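Me: I am new to this structure and would like to go through one part of it in questions and replies. Please show it first.

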Amino acid sequence: MRKWTSMLTSLVLMAALFAGCGTSGSSGTAADGAQGDKPAASGKLTVYVGFQEDHAVEAMKQFTADTGIEAEMIRMSGGEILAKIRAEKDNPQADIWYGGPADTFVQAVSEDLLQPYQSPIAEKIDPKYKDPEGYWTGIYVAPLGFAANKEFLEKKGVEAPKKWEDLLNPAFKGELVMANPASSGTAYSAVYTILKAFGGEEQGFEYLEKLHPQVQQYTTSGSAPGRMVGMGEAGVGVLFAHDIIKYQEEGFDSLVLTIPEDGTGYETGAVAIIKNSKNQELAQKFIDWSLSPSAQEVGKRVGSFQNLTNPEAVGPDKAIKLSDIHTIDYDVMEAGKERQRLIDKWNKEVNKK
């Protein structure tokens with residue numbers, strides 16, 4: 001009897017030992033900033049996403065695979081996300097704001113809508129791509145560009161625009177599409193860029209007033225102009241270059257991409273925790289994950305062509321590097337602080353009814 005009891009005890013101890021080893025081996029994540037020997041986190045996050053939907057869907061899958069945490073996403077433009085977070089301030093319905101130009105995040109900080117968090121992974125990110133107090137951190141960087149339709153250019157007998165002034169060509173009247181800066185972070189980046197490229201606010205708004213009659217439509221989404229130009233619904237569009245490349249890769253062979261030679265701006269796509277959201281601990285894990293190579297390399301699997309902020313992440317080959325083009329001095333903090341004032345001014349002086 002003692003012999004059987006001893007054997008049974010040994011089997012129980014061995015089973016416990018193997019179970020412990022299995023738990024330790026499976027609880028880490030594939031992401032830099034993984035949980036190490038801690039048990040896998042559980043729960044569910046809601047994420048407002050400011051970049052393209054296919055990228056967002058793949059990112060949510062990778063996040064769950066790496067961390068064990070479920071996440072559902074709602075895709076909107078940057079201005080729409082800011083408006084929604086503002087409206088939900090007293091009862092947040094989401095935990096994370098993921099993607100879109102950091103200018104909008106800066107405005108959200110000024111309205112006390114974001115929760116600071118200093119991720120240990122953020123130490124690897126260049127200081128110019130993150131908030132010093134941890135309210136937001138950059139996950140990608142991408143310049144603005146022009147998209148032109150080849151058939152349209154041939155029909156009009158003109159070249160693709162290479163400078164901001166080229167958009168004033170009479171051949172482009174009623175054929176230009178760009179987003180509305182009130183709803184789109186892309187469009188606000190363009191407005192701020194124009195003010196800098198033209199040497200100041202007064203000169204920049206003079207140009208924007210001249211540009212207005214050229215515009216066929218102000219879209220809600222910043223990436224929509226690229227698809228419209230690719231389908232021949234418009235001749236020229238202003239949007240981020242990585243979205244133009246994406247449409248080219250998806251089969252819009254008619255698209256011609258050019259970068260403004262007289263200076264272009266760029267977005268720092270950011271991520272942040274929404275203040276007073278329900279899952280703060282899980283949200284911190286999402287921030288850690290979003291800064292990791294595992295997260296940042298998701299985009300190139302689905303045709304996103306931004307430059308990445310984590311120096312250990314391998315970016316897409318076709319991404320346009322800022323060092324290869326003429327960029328303006330894009331001050332994210334200034335752009336964010338001036339955002340609402342400049343949008344109000346644009347609505348009053350440019351987007352006249």
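Reply: Partly exposed means a relative accessible area between the cut-offs for buried, under 20%, and exposed, over 50%. The model shown is predicted.

Me: Is helix H9 largely enclosed or largely open?
Reply: Helix H9 spans residues 241-249. Its buried residues are Ala241, His242, Asp243, Ile244, Ile245, Lys246 and Tyr247. Since seven of its nine residues are buried, the helix is largely enclosed by the rest of the structure.

Me: Which strands are among the elements that cover the buried residues of H9?
Reply: The cover includes two helices, H2 (53-67) and H8 (224-230). The strands in that cover include S5 (137-149), S8 (236-240), S9 (255-258) and S10 (266-274).

Me: Which residue with a positive phi follows H9?
Reply: The phi in question is near 115°. The residue that follows the helix with this value is Gly251.

Me: With which residue does Lys246 form a salt bridge, and is that residue buried or partly exposed?
Reply: Side chains of opposite charge can pair when their charged atoms come close. For Lys246 and Asp54, the closest N and O atoms are 2.5 Å apart. Lys246 is buried at a relative accessible area of 3%. Its partner has 31% relative accessibility, which lies between the cut-offs of 20% and 50%, so the answer is Asp54, partly exposed.

Me: How many residues apart in sequence are the parts tied together by Lys246 and Asp54?
Reply: Lys246 and Asp54 form a salt bridge. Lys246 lies in helix H9 and Asp54 in helix H2, so the separation of the parts tied together is 192 residues.

Me: Which residues are linked with Lys246 in a network of salt bridges?
Reply: Asp54 belongs to this network as well as pairing with Lys246. The residues linked with Lys246 are Asp54, Arg227 and Glu250.

Me: Where does the salt-bridge partner of Glu249 lie?
Reply: Glu249 pairs with Lys318, and their closest N and O atoms are 2.6 Å apart. The two are 69 residues apart, with Glu249 in helix H9. Glu249 is partly exposed at 45%, and Lys318 is partly exposed at 47%. Lys318 lies in the loop between strand S11 (307-308) and helix H12 (332-349).

Me: How many salt bridges does the count come to?
Reply: Another of the pairs is Asp112 with Lys275, whose closest N and O atoms are 2.8 Å apart. By the rule used, the count comes to 15.

Conventions
Residues are numbered from 1 along each chain as its sequence is written. This is a predicted model: local features need pLDDT of at least 70, side-chain atom pairs count only at pLDDT 80 or more; totals for chains, interfaces and linings use all residues. Side-chain values use heavy atoms; hydrogens and water are left out. Buried means under 20% relative accessible area, exposed over 50%, partly exposed in between (1.4 Å probe, protein chains only). Helices (H or I, at least four residues) and strands (E, at least two) are DSSP runs, numbered from the N terminus. Contact means heavy atoms within 4.5 Å. A salt bridge is a side-chain nitrogen of Lys or Arg within 4 Å of a carboxyl oxygen of Asp or Glu.
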